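Here are a few exercises to work through with the model open in your viewer. Try each one yourself before you read the solution.

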Amino acid sequence: MGGEFKDECGVFGLSLKDRSDYMVRHMFLGLFSLQHRGQESCGISYETDDGIEVVKSRGLVSGDFLENLPKNVSSKIAVGHVRYATCGASNLINAQPLIFKSNKGDVAIAHNGNLPNSERLKRDLLLKGAIFQTTSDSEILIHLMSMLPGSDFETSLIDSLKTLEGAYAMLVMSNDKLIAFRDPQGFRPLSYGFINEGVVFSSETAALTIIGAHDITTVKPGELIVCSNGAIIKKIDLSGGQKPAQCVFELIYFARPDSVVFDEAVYQFRLRVGRKLAQNRHKDTDLVIPVPDSGNVSALGFSRESGIPFDLSLMRNHYTGRTFIKPGQQLREDSVKMKLNPVATEIRGKTLSIIDDSLVRGTTSKKIVKMLREAGAKEVHVYLASPEIIGSCYYGINTPTTDELISAQNKPVEIAKIIGADSVTFLSVADLKECLTDSNAFCYACFNREYPTTIDELSCKGCF
Ligand code: AMP
């Protein structure tokens, strides 16, 4: 039940002035640009004369989903989702958007985030007679809405949100409205912009720029935006003055470097982090090499700061997915080899500074160091563009249990031994904060275990 699934996801949605067959094109391009946020399933829901329709498929946006997309449909409102379920089976029933026929009309939701207290809410709802169709946290919102008196979709949604705690960047649609909002602490990102035909929302701005959106803005933590007929008709502040706790790991790893999330340009942030790492470098090596793609920009910053030549002799095969985004340890281990290969001619006899974004279990780095040594590297110094991950995430990033986190169990010198490197250097939390424009607005729980919400262990069983 609740908490069984902890999702990394992306959401995308639009409200258009008129029904248009542009809907399908925009939704496809938007979700395609968010593919890195989830590769197990994807879907869209859209309004029609007969209520809300949905198309969901397993796998990539360019796979079955593209085949299954409606060909000649014109629609005014749509929401879409890409999903990676990190716990439990990834069955299609949990794929989003979730759609419901309720006493508030047809409703579809697309959710990015995780509700750490979902189990308690679910138990209460079950006692009141709710019948859950999925094991996804996101369904809770619909039950909360349907149990409120009255038939108004918007009012019941706003009232239900008062009960939720945790991370939710969500798009919810009825037959005539699109409502977009972020939880009061703003854990997960959400932005919007305008196209000729209306308003578009996305987890990341890269998906907005690709469809030519302009005047792109961040949905603020706790902000709720109501759209109808391609225009914003209302903005409400539901933050209640809570301190923002935006996920710093979005900037470190998850978001695309060509996105702006939380008003921070990801590329520039990563360049700054690379420079900080270089200022604390262990020694001047012959080359700086990123672990592609997540280490690319920080390695460039490292090289610019240190003057050490930037090199690309760790090659990535782009036909495999993200290493981590493959459930199960064996698959994870194999996929490192499938994904990365060193260029021996460039690294033989050389000392190397290798830059990756983060160390989670240590699987990737161990394999990489071994490959580099086999290819003749003389010394391998590993730099991580994030602090040591010592706590699981309860807000939508896939991190394993504490006992699986290499940094929760070992100091950097021990980690160097475990992964076979000459040295391992992490970014300090203080340096990370210096790289952020507003460091007070972020959650650092994975680095300091200071969780900004209460955590209900019941809801999180099996995941953490
Ligand atoms: P590990 O091999 O377990 O140490 O994982 C570290 C690698 O996984 C790094 O190269 C990261 O780029 C990547 N990574 C870190 N966090 C995540 C995440 N939440 N989801 C997917 N990949 C991740």
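**Exercise 1. Find the side chains that make polar contacts with oxygen atoms of the ligand.**

Solution. Keep in mind that this is a predicted model.

Step 1: Start at Ser294, where an N or O atom of the side chain is 3.2 Å from an oxygen atom of the ligand.

Step 2: Go on to the aspartates. Asp356 has a polar side-chain atom 2.7 Å from a ligand oxygen, and for Asp357 the distance from a polar side-chain atom to a ligand oxygen is 2.5 Å.

Step 3: Now take in the surroundings. The ligand has 16 residues around it, and Asp357 is listed among the closest, together with Tyr253, Arg361, Gly362 and Thr364.

**Exercise 2. Work out how helix H1 is oriented relative to helix H2, and which residues bring them together.**

Solution. Two numbers get you going: a pair of packed helices is described by the angle between the axes and the distance between them.

Step 1: Locate H1 at residues 22-33 and H2 at residues 61-68; their axes are 11 Å apart, at an angle of about 165 degrees.

Step 2: Angles over 145 degrees count as roughly antiparallel, so H1 and H2 are roughly antiparallel to each other. The crossing of H1 past H2 is right-handed.

Step 3: Pick out the contact. H1 brings Phe28, Leu31 and Phe32, while H2 brings Val61, Ser62, Phe65 and Leu66. Sort these residues of the H1 and H2 contact by type and you get six nonpolar, one polar and no charged.

**Exercise 3. Do the same for helices H4 and H5.**

Solution.

Step 1: H4 covers residues 139-146 and H5 covers residues 153-161; they pack at about 115 degrees, with 9 Å between their axes.

Step 2: Check the handedness: H4 passes H5 in a right-handed crossing.

Step 3: List the partners. From H4 come Leu141, Leu144 and Met145, which meet Phe153, Ser156, Leu157, Ser160 and Leu161 of H5. The tally for this H4 and H5 contact is six nonpolar, two polar and no charged.

**Exercise 4. Track down the backbone oddities: where are cis peptide bonds, and which non-glycine residue has a positive phi?**

Solution.

Step 1: Look at Gln96 and Pro97, joined by a cis peptide bond with omega at about 0 degrees. Pro97 sits in the loop between strands S4 (75-85) and S5 (98-102).

Step 2: Move to Pro292 and Asp293, whose peptide bond is also cis, with omega near -5 degrees. Asp293 belongs to the loop between strand S17 (287-290) and helix H9 (296-306).

Step 3: Finish at Asp215, which is not a glycine but has a positive phi of about 50 degrees. You'll find Asp215 in strand S11, residues 214-218.

Conventions
Residues numbered from 1 in each chain as written. Predicted model: local features only at pLDDT ≥ 70, side-chain atom pairs only at ≥ 80, totals over all residues. Heavy atoms only, no water. Axes fitted to C-alpha atoms, helices over the stretch in contact; angles between N-to-C directions. Helix = DSSP H or I, 4+ residues; strand = E, 2+ residues; numbered from the N terminus. Parallel < 35°, antiparallel > 145°, perpendicular 65-115°, else oblique. Left-handed = near helix turned anticlockwise from the far one by under 90°. Contact = heavy atoms within 4.5 Å. Nonpolar A, V, L, I, M, F, W, Y, C, P; charged D, E, K, R; others polar. Near = heavy atom within 4 Å. Polar contact = N/O pair within 3.5 Å; in protein donor to acceptor, adjacent residues only side chain to side chain.
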